Each structure stands twice: as structure tokens, then as C-alpha cells.
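Got your viewer open? Let's take a walk through this structure, one selection at a time.

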There are 2 protein chains.
Amino acid sequence: MARPSSDGEFGIIERNFAPLAANTAGAFDLKDDAGMISPPEGHELVVTTDAIIAGVHYLEGADPRDIGYKALAVNVSDLCAKGANPSVYLLSVALPEKVDSHWLDGLSTGLREAQSDLSCMLLGGDTVHTPGPAMISITAVGFVPTGRMVPRSGAQFGDRVYVTGTIGDAALGLLLVQGADMPNLSPDHLAHLRKRYWRPQPPVTVIEVVRKYASAAMDVSDGLVGDFIKLCHASAAGGTLTGDAVPLSGAVAALLAGEPEYFIKAITGGDDYEILMTVPAEAAKPFETDCHARGVGITCIGHITPRTDGVKVTGSDGRALPLDHPGYEHF
Amino acid sequence: MARPSSDGEFGIIERNFAPLAANTAGAFDLKDDAGMISPPEGHELVVTTDAIIAGVHYLEGADPRDIGYKALAVNVSDLCAKGANPSVYLLSVALPEKVDSHWLDGLSTGLREAQSDLSCMLLGGDTVHTPGPAMISITAVGFVPTGRMVPRSGAQFGDRVYVTGTIGDAALGLLLVQGADMPNLSPDHLAHLRKRYWRPQPPVTVIEVVRKYASAAMDVSDGLVGDFIKLCHASAAGGTLTGDAVPLSGAVAALLAGEPEYFIKAITGGDDYEILMTVPAEAAKPFETDCHARGVGITCIGHITPRTDGVKVTGSDGRALPLDHPGYEHF
């Protein structure tokens, strides 16, 4: 870690962060000016950075374990979408003076849990104090065989559109955390929604199939509909997303059975950290077979059309769904 | 750039940051989820991250061009110290709502100037809003031939200690900016000190000789004395730094002629962003010759001793200098 300016920061690095890098090749126990990465031969690096700020990207008072977990997970989600295997990350933490060792221990515990789940290890970082809210900025690095990174811009007319996992859990979980009343849900369903909000789980098992079959991919972080529109625009294509086909968890299905108006929130709300991808029609069958063999849950939710057809979200009757949520309307 | 959450952030990326990445291979015009790096064969990557925060690492009201320049320069400084050639950087920016387009234009202009001077191009990033002060976190990536990164921990008994450039200009420049009176300095000298504070210039011309000759190196950011102590500790060595040998600019020499008490500030104050390195005694002569041929200014300021001798800073009479500055005392 570079340039800590007080004993306090040395102590934090020693106690909370150096243990996270203890087994990382090239991290030098966080005692050098920089970390080192030895890329495997024939590979390129995929690099992404995302910052989360207290009160903006997570609620003040959130469990610091969840904050640490989420900070790494949202970055690894981008690597998954590019077909890159996560490797290492750099951590830049700005801490308010009021942060105590309990909070820091929680943060580093959450990072450790995410490292273990997501196979991405601490390589280096920087710890500074701030008069503002806590900020955790992570730069994550993954590897792909040379030339195999999956772009956002590769979708072609005729491709099928797939998404991993289920959609809407996190957005509805956030409503719950913010105090929404969902009386028709069981305690298990309520717990599921909250957990999906607090602990995004990027589907690392999908990385190889993304690389093998996808023509374009991105992670779903700003809401499925908005992100689908972005993918189509980046690919200079049109697309149709079949709302009825969007995969829903048991909890969301139970909620919608009583309160169908939540559907729009589910498909526009964001924080899913699932992978949206397009697959050429002729590869759809082997792709699905391969996913099932690997236990990767994917669902076909639409197809890519000519650019001039625009982007549409339809119900089962083929008619456009009435969408006027600000999450996507200005795209 | 990932996940901008409003039109405002799209506009900022488009106007201020995408032009900085226009010629960067693998940046995809900042329109994908991640950037891509194709490492040259036979090379490793050196990666460092440093954040700067308004009111902490730069004065509120500073010229945004200088802020942008410094944010990249302090990272490239770490790469220089490792003998790594700068390549690309990721930029994570947290902006207060009050930031206007004039400030942003200044920031991106300063980044562009630093990119050009330091040969390090924008690859990707993240732009978010914050209720706190502005924060600019950069992760910079450089290349070294495999196995050639220069560690902080490689100094050996008998090595000579060298530093690039001149020391103390920035620390005294900060005092000036904060209102100190230095009546015996000419306008040119005053301007020089201020400039060294606002615009750190990591010595990129030294990279190849660092890699070729240095046994250990680090950048001088926390003050020469404190950083020398860190280098000795990391190398499990002792060391003697000859205070009289420390290279001073004309401005600092002129200041010290009238007010010698500023000397301690000069060698402990920090923000130099010069390179401190150790070179085996037998390589000292070819190292110096090579530096002179390349026009790299270096000065021998001490030598490495056995660990049991501890770390000393002496005057010309060989006696320890009276140092009690908090910049290093707790190491």
C-alpha cells in the first residue's frame, strides 16, 4: 500500500488488509510501492474499476461485511461479463475519522469472503482519510485467452438474448430494506430478497460459456431493460425482450402474484449483477446444453433485430409493455 | 466507464474523459464494461493505486488542471521507482454536485497534459457522485521485462544510495502556497518552488537505468528521510544518508543561505516525487556514466550499512543531524 500518512493507516493495512494479500503472488505483503502481475502466456488482461460510496451505493448503517463483499462483487461481475477469469484487485479506501476497528474488521471480513467466493485476491492498494463519507474503489483484473474478450458491441441480427439467474430480487430487496410492506411473502422469501440486495453474487460459473458462445455481453447492474437497450445501442442493433420470459425467483413470483405492478420495478430496478448476453442462433442449442451440464442457470429472453426495428419490450401477446420508469426512458 | 447512473455522468464521460482514451488500445472509447490490456511478450505488469482527495491531498481551490496532473503523476512516480514503463491507467472519480463544467474541463486538461508528459493513457474508469469532497483515484499500469521489477527490499550492505533531481522544492513550495514569507527569494525562485508543489514531475527518463542498475528503489513522497528509513527497513539493512550531499535547487539553496532552519523541512517534507535508489558499489561508475549520457540528474547521498548500524542522517562532520520532525520520527 502506498504512502500511508499516519500510524493509524499503517495499523489498518497491517491488521485488516495485509492478511487479504498474504497468499497473492506479486503483492509483496503490501510493503512495496506497487504490485506485480505475471500474465499467463497467450492471455490478455481485462481491467475494470467501480467505486461505492456510503449513502450513495450502500445505505449508511449497512453491515460492513456486506459493503466489503459488494465492493468486490460488482467489479467481478464486469469481468464475468467479458468472459474473463478474475485474478487480483487493487483496493483504494477513503475512511472518515469516525470509522472504528469494528467496522474495518467487518469490511475486511466481507472482502475475504468475496475473495474466496469469486477467486479474486488483493494485490495492493491505498488507504487515505477523508472528511467525507467512506468510499471504496476497486480495480479488478482478470485474464482471457488473447482475442477472446467478449465485447458489449458484438450482437448481430438473429442472435438470441439470454440472461443468467433471476431478475428483480435485488431491486425488490432494496424496497424491503427501505421499509416497503410485502405482507404476502413468507419469511424465507423476504430473507431471499434482502440477501440478493446485500450480497450480489456474480455468476462466476458462467465465465467459460460466455467466452465460448456469446457474441456480446454485459452485466445487469442498472436494470435489465436499460442494460438491454445499452447492449443493443453499443451493437448498433435492435432487439426484442420478451417480458414474460424474464426469469423470476420464487420470492418475486409470489410477490407478483399478489401485486403485479412490481413487475416493472423488477425488470428496471437494477443491482442484479447477472449476465446479459447474446448468442448466435446456430450456437443456441450447444450453448444451452453446455450451460445445463455445468449447472449454469440461463434463460432465453429475446432476440436481436435490425437496428431500424428499435428496441422493444413485449408481453406474451407481443404488445409493448407500458414502461415509463426513469431507469431507462432517457436512453 | 461502468454504470453511470444519470445523463450527467454520461455527459461527463463523453465530454471530458472519452477524448483522453480516444487513442488507447483496449479502451473501446469507454463504452464497454472493462478495458483490455495486451501485455508485450516476456513482460510483467506493475500496478499501483493512489487516491487524492480535495482538502486532504490538495488544497480546496487548487487549479483543477494541477489536480488532474498530480493525480496521474503520483501514480506514475511509483511505476518509475519500480523500473516499469507507464502504459495505461484507470480513473475513478467521485464528484460533488457543485462541480461545474469549468472545473471538469480543467481536470481533464491536466490529465491530458500528464498523459502526454508521462506516456500513460486512459483505459477506463468510473464516475460517481458523492456528498463529500471530490476524490480522484487512479490505478496505473506499467510493464517490466519479466523478473526485472525493482523492489523496495533489495538494498545490500555496501550499496550506494542515489536520488534523482532535487529535494525539498515541493515541501517549501507548499509552505509558500500556505502563506509563508520568503523575502530573500527572487520571483523566479518563488515560481519554481510553487510549480514543484503544484506539478510533480516524476523522472520518467530514469526508468531504464533504475531497471538496469538499482538493487532497491522507491519514490520520495513522504519526505526523503522517512522514505530512506522505509527503504532500509524493507531491506533489513542500515544506512547512512549524508545530509550535506542532498541535491538542492537554486531556489532552495538561496532560501537556506538566509534561513538554514528550512533544511530539515526540505529533507523531511515530502511531495518530491523523485526516485530514491540503491546501486551496488561496483555498478556505481557505469550507472553514473549511463545517467549522464541520458541526461538523468542523480546524486549519491549515502550508503547502505549492516542492519545493526541502524539508519543515520549525518552532516558533513559525520555527526547525526538534529532531526525531530514528525514526518519520520514514529518509524
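We'll look at a sheet in chain A, then at where chains A and B meet; keep in mind that this is a predicted model.

**Stop 1: the sheet.** Show chain A as a cartoon and pick out the open sheet of six strands, which has mixed pairing and the order E7-E9-E6-E10-E8-E11. Its edge strands are E7 (216-220) and E11 (311-314), and each of these pairs on one side only. From one strand to the next, the twist averages 25°.

**Stop 2: a strand pair and a helix.** Now select residues 160-164 and 274-279 of chain A: these are E6 and E9, which run antiparallel and are joined by four bridges. Click on A:Val161 and you'll find A:Thr278 standing opposite, in E9(A). Next, add residues 284-294 of chain A, helix H10, which packs on the sheet and touches E6, E9 and E10 (298-305). The direction of H10 makes about 10° with that of E6(A).

**Stop 3: where the chains meet.** Bring chain B into view. How much area do chain B and chain A bury between them? About 4600 Å², with 57% of it on carbon and sulfur atoms. On each chain, 58 residues are in contact with the other chain.

Six salt bridges are counted between the two chains. To see one of them, select B:Asp33 and A:Arg152, whose closest N and O atoms are 3.3 Å apart.

**Stop 4: strands across the chains.** Finally, select residues 43-53 of chain A, strand E2, which is joined to E1(B) by three bridges, running antiparallel. Zoom in on A:Val47: its bridge partner in E1(B) is B:Gly35.

Definitions and conventions
Residues are numbered from 1 along each chain as its sequence is written. Chains are lettered from A and ligands numbered from 1 in the order in which they are written. This is a predicted model: local features need pLDDT of at least 70, side-chain atom pairs count only at pLDDT 80 or more; totals for chains, interfaces and linings use all residues. Side-chain values use heavy atoms; hydrogens and water are left out. Two strands pair if DSSP finds at least two bridges between them. Helices (H or I, at least four residues) and strands (E, at least two) are DSSP runs, numbered from the N terminus. Axes are lines fitted to C-alpha atoms, for helices over the stretch in contact, and angles run from 0 to 180 degrees between N-to-C directions. Contact means heavy atoms within 4.5 Å. Buried area is the accessible area (1.4 Å probe) that two parts lose on being put together, summed over both. A salt bridge is a side-chain nitrogen of Lys or Arg within 4 Å of a carboxyl oxygen of Asp or Glu.
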